[in-house]
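Biologist: Before I rely on the terms used for this model, I would like to see each one set against its definition. Could we go through them in turn?

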Amino acid sequence: MTSLPGVLGALDPTSDRAVFRQIADQLREAIDRGRFKEGEKLPSEAELVEHYGVSRMTVRNSFSILTGEGLVHAEHGKGVFVRPRPPVRRLASDRFARRHREQGKSAFIAEADAAGSHPQVDSLEVKEEKASQDISTRLGSVRRVLARRRRYLLDGRPVEFATSYLPLDIARGTQIAEPNPGPGGIYARLEELGHHLDHFEEEIRARMPSPAEVKMLRLAAGVPVIHLVRTAFDSEGRPVEVCDTVMAADAYVLSYQLPAT
């Protein structure tokens with residue numbers, strides 16, 4: 001490791017900013033500048049205590065700030081490490097391209113292939129249920145839906161879980177109601193059933209996760225989630241699916257192309 005004086009500066013005794021915050025500021029800047037790279041171990045508590053002349057508790061408080069910001073994570077008995085950057089670029093303009101379905105790929109598989117990662121789906125549940133008020137409204141006042149719940153993993157790590165809701169008059173008794181909907185996923189099956197997909201509408205917000213979401217996605221402290229609700233419309237203007245997705249924010253970069261006019 002590069003000597004700490006060459007990477008980290010000195011504390012400012014005249015500053016009214018708390019010492020542990022100054023240390024966190026310097027570590028954050030070093031991470032942003034690439035002096036500590038993704039996956040790299042930060043200096044140990046002992047090294048920082050010696051470098052800054054502070055107590056272990058002060059250093060731990062500094063690490064707590066960076067952990068809360070999602071910049072680092074601690075591994076018991078090993079140390080504190082810089083969190084990797086999001087591995088998957090989610091291209092809004094490409095992920096539902098028909099060519100992926102024609103190649104037998106769902107959007108998730110296409111993105112995983114582009115990232116060079118191994119995709120998996122688990123925790124799969126398919127059942128008919130009463131639609132919530134929100135889902136009913138989005139699907140045109142339907143009362144009951146087919147719900148498909150699943151968790152997605154990349155290289156064994158959970159990165160998102162999603163629930164698709166489809167009107168029963170479309171999905172009941174079709175391959176969409178089977179655990180494995182076949183090549184290309186449910187969108188390919190919808191088009192085979194005559195529902196040619198025309199466009200999608202998405203609502204996106206960032207928030208902190210619930211305890212259940214932390215457990216489901218194995219989120220580290222300080223990592224938020226991206227909550228995305230997508231509605232798929234066919235060429236007749238009918239909403240044919242609503243997908244409610246919660247994504248680990250440290251696993252994705254959301255990329256969009258916007259027209260200039």
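Modeller: What follows takes the helices and then the sheet. This is a predicted model, in which local features need pLDDT of at least 70 and side-chain atom pairs count only at pLDDT 80 or more, while totals for chains, interfaces and linings use all residues. Residues are numbered from 1 along each chain as its sequence is written, and side-chain values use heavy atoms, with hydrogens and water left out.

Biologist: Why is H2 called oblique to H4?

Modeller: Helix H2 (residues 19–32) and helix H4 (residues 56–68) pack at about 50°, with their axes 8 Å apart. Angles under 35 degrees count as roughly parallel, over 145 as roughly antiparallel, 65 to 115 as roughly perpendicular and the rest as oblique, and therefore H2 is oblique to H4. The crossing of H4 by H2 is right-handed, the term for a near helix turned clockwise from the far one by less than a right angle.

Biologist: Which residues make the contact between H2 and H4?

Modeller: With contact taken as heavy atoms within 4.5 Å, H2 contributes Val-19, Phe-20, Arg-21, Ile-23, Ala-24, Leu-27 and Arg-28, which meet Thr-58, Asn-61, Ser-62, Phe-63, Ile-65 and Leu-66 in H4. By class, the contact of H2 with H4 holds eight nonpolar, three polar and two charged residues.

Biologist: What makes helix H9 largely enclosed by the rest of the structure?

Modeller: A residue is buried under 20% relative accessible area, exposed over 50% and partly exposed in between, with a 1.4 Å probe and protein chains only. Seven of the eight residues of H9 (residues 185–192) are buried, so the helix is largely enclosed; among them are Tyr-187, Arg-189 and Glu-191. After H9 comes Gly-194, with a positive phi near 100°.

Biologist: Which strands are the edge strands of the open sheet, and what makes them so?

Modeller: The sheet has six strands in the order S4-S5-S6-S9-S8-S7, with antiparallel pairing. Strand S4 (119–130) and strand S7 (197–207) are the edge strands, as each pairs on one side only.

Biologist: How do you know that S6 pairs with both S5 and S9?

Modeller: Two strands pair if DSSP finds at least two bridges between them. Strand S6 (residues 157–167) and strand S9 (residues 239–248) have six bridges, and strand S5 (residues 144–154) and S6 have ten, so both meet the criterion for pairing. Phe-161 stands opposite Val-246 in S9, Ser-164 stands opposite Cys-243 in S9, and Leu-153 stands opposite Pro-158 in S6. Strand S6 is also mostly covered, with nine of its eleven residues buried.

Key
Axes are lines fitted to C-alpha atoms, for helices over the stretch in contact, and angles run from 0 to 180 degrees between N-to-C directions. Helices (H or I, at least four residues) and strands (E, at least two) are DSSP runs, numbered from the N terminus. Ala, Val, Leu, Ile, Met, Phe, Trp, Tyr, Cys and Pro count as nonpolar, Asp, Glu, Lys and Arg as charged, and the others, Gly among them, as polar.
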